[in-house]
Amino acid sequence: QNHTADSDILHENCRNFTEWPPAICIIGNVSGLVSAAIWFLVLLPQVVKNFRYRSVVGLSFLWAVANFTASLINFFFVFHNSLPLYVKIEAVYQPCLEFTILVQFLLFSTASVRSRLFCLLVCLLVWSSVIVVELLVHRAPDYIFWAAIFLWSIETFPQVVLNMHRRSTSGQSTISIGMSLVGKVTDFVSNYALQMPIQFVIMAYFSSSSA
């Protein structure tokens with residue numbers, strides 16, 4: 001990683017200044033900060049809407065599970081590597097918001113109680129296994145992160161299929177969708193403007209494209 005002499009939040013993870021203008025680093029970090037702010041807020045309208053109507057009809061459970069699982073893996077990857085502060089902040093609060101939506105599925109889903117409990121058990125087994133491997137296997141965060149890239153790259157498809165099947169997007173928050181669009185753009189800019197792990201660069205491409 002390359003830093004300026006006055007290392008600060010706008011000069012983190014800069015590329016080589018002999019090849020890239022210093023302004024690119026500032027643009028990348030500003031984009032990252034904007035992205036962090038967006039991802040902090042993006043799911044709140046959806047969470048509020050679900051609580052308001054006490055319903056998750058129109059939302060894909062697979063989308064929610066893929067989102068949280070990828071964020072769980074991302075948490076270990078981020079703190080295993082030297083990344084900007086805003087990335088670390090995202091890595092902490094994103095799983096919290098996504099887990100809240102999963103709790104809403106448990107509370108408000110129209111599926112039978114038995115089905116909900118079965119899904120909960122399977123998910124807990126998977127998440128527990130991920131945590132154990134991340135903590136005990138050498139360099140596991142670097143390798144398992146490829147699974148997060150895969151999940152974040154395909155997470156949108158179950159929701160798209162559900163929308164097409166219902167011929168409606170009524171279950172989704174329009175505000176959340178709009179914020180996601182802006183967030184994907186700023187994600188793309190920050191990951192390509194800064195010196196970031198190759199996993200983040202690949203994820204930014206596929207995740208943004210699929211969204």
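## Model and confidence

Among the elements of the protein, helix 9 has the lowest mean pLDDT, 75, and helix 5 the highest, 96, where pLDDT is the predictor's confidence in each residue, from 0 to 100, and where helices (H or I, at least four residues) and strands (E, at least two) are DSSP runs numbered from the N terminus. This is a predicted model, in which local features need pLDDT of at least 70 and side-chain atom pairs count only at pLDDT 80 or more, while totals for chains, interfaces and linings use all residues. Residues are numbered from 1 along each chain as its sequence is written, and side-chain values use heavy atoms, with hydrogens and water left out.

The protein averages a pLDDT of 87, and 95% of the residues score at least 70. Over residues 1–6 pLDDT stays under 50, and for this segment the model has 12 contacts (heavy atoms within 4.5 Å) beyond four places in sequence.

## The largest nonpolar core

In soluble globular proteins, nonpolar side chains tend to be buried together. A nonpolar core is here a set of buried Ala, Val, Leu, Ile, Met, Phe, Trp, Tyr and Cys residues joined through side-chain atoms within 4.5 Å; buried means under 20% relative accessible area, exposed over 50%, and partly exposed in between, with a 1.4 Å probe and protein chains only. The largest such core has 44 residues, and those with the most contacts inside it are L83, V87, I101, F145, M196 and F200. Two or more residues of this core come from each of helix 1 (22–41), helix 3, helix 4, helix 5, helix 6 (140–154) and helix 9 (198–210), with the largest share, 11 residues, supplied by helix 3.

Leaving out residues up to four places away in sequence, F145 touches I73, N74, F77, A140, W152, Q199, F200 and M203. W146, which lies in helix 6, is partly exposed, with a relative accessible area of 38%. With the same exclusion of residues up to four places away, W146 touches Q199 and I202, and its C-alpha atom is 9.2 Å from that of I73, although the two residues are 73 apart in sequence.

## The second largest pocket

Rolling a probe the size of a water molecule over the atoms shows where empty space is left. On a 1 Å grid over the protein atoms alone, a pocket is an open set of points with protein on both sides within 12 Å along at least five of seven lines, as opposed to a cavity, where a 1.4 Å probe fits but cannot get out. The second largest pocket has a volume of about 380 Å³, a volume being the space filled by probe spheres set on the points, with grid points joined across faces, edges and corners.

This second largest pocket is lined by 20 residues (those with an atom within 4 Å of a point), of which F61, L102, F105, L106 and R116 lie nearest its centre. Helix 3 (61–80), helix 4 (85–108) and helix 5 (113–136) each supply at least two residues of the lining. By type, the lining divides into 16 nonpolar, 3 polar and 1 charged, where Ala, Val, Leu, Ile, Met, Phe, Trp, Tyr, Cys and Pro count as nonpolar, Asp, Glu, Lys and Arg as charged, and the others, Gly among them, as polar.

## Two residues of helix 1

N29 is found in helix 1 and is buried, with a relative accessible area of 0%. Leaving aside neighbours within four places in sequence, N29 is in contact with I9, L10, H11, E12, Y86 and L194.

F40 also lies in helix 1, but is partly exposed, with a relative accessible area of 44%. Not counting residues up to four places away in sequence, F40 touches Y93 and L97. The C-alpha atoms of F40 and R116, which are 76 residues apart along the chain, are separated by 28 Å.

## Loops around helices 5 to 8

R139, in the loop between helix 5 and helix 6, has a phi near 60°, a positive value in a residue other than glycine, and counts as partly exposed at 39% relative accessibility. R167, in the loop between helix 7 (156–166) and helix 8, likewise has a positive phi, near 55°, and is exposed, with a relative accessible area of 77%.

Q172 has its place in the loop between helix 7 and helix 8 and counts as buried at 14% relative accessibility. Residues up to four places away in sequence aside, Q172 touches Q46, K49, G58, L59, Q159, N163 and I177.
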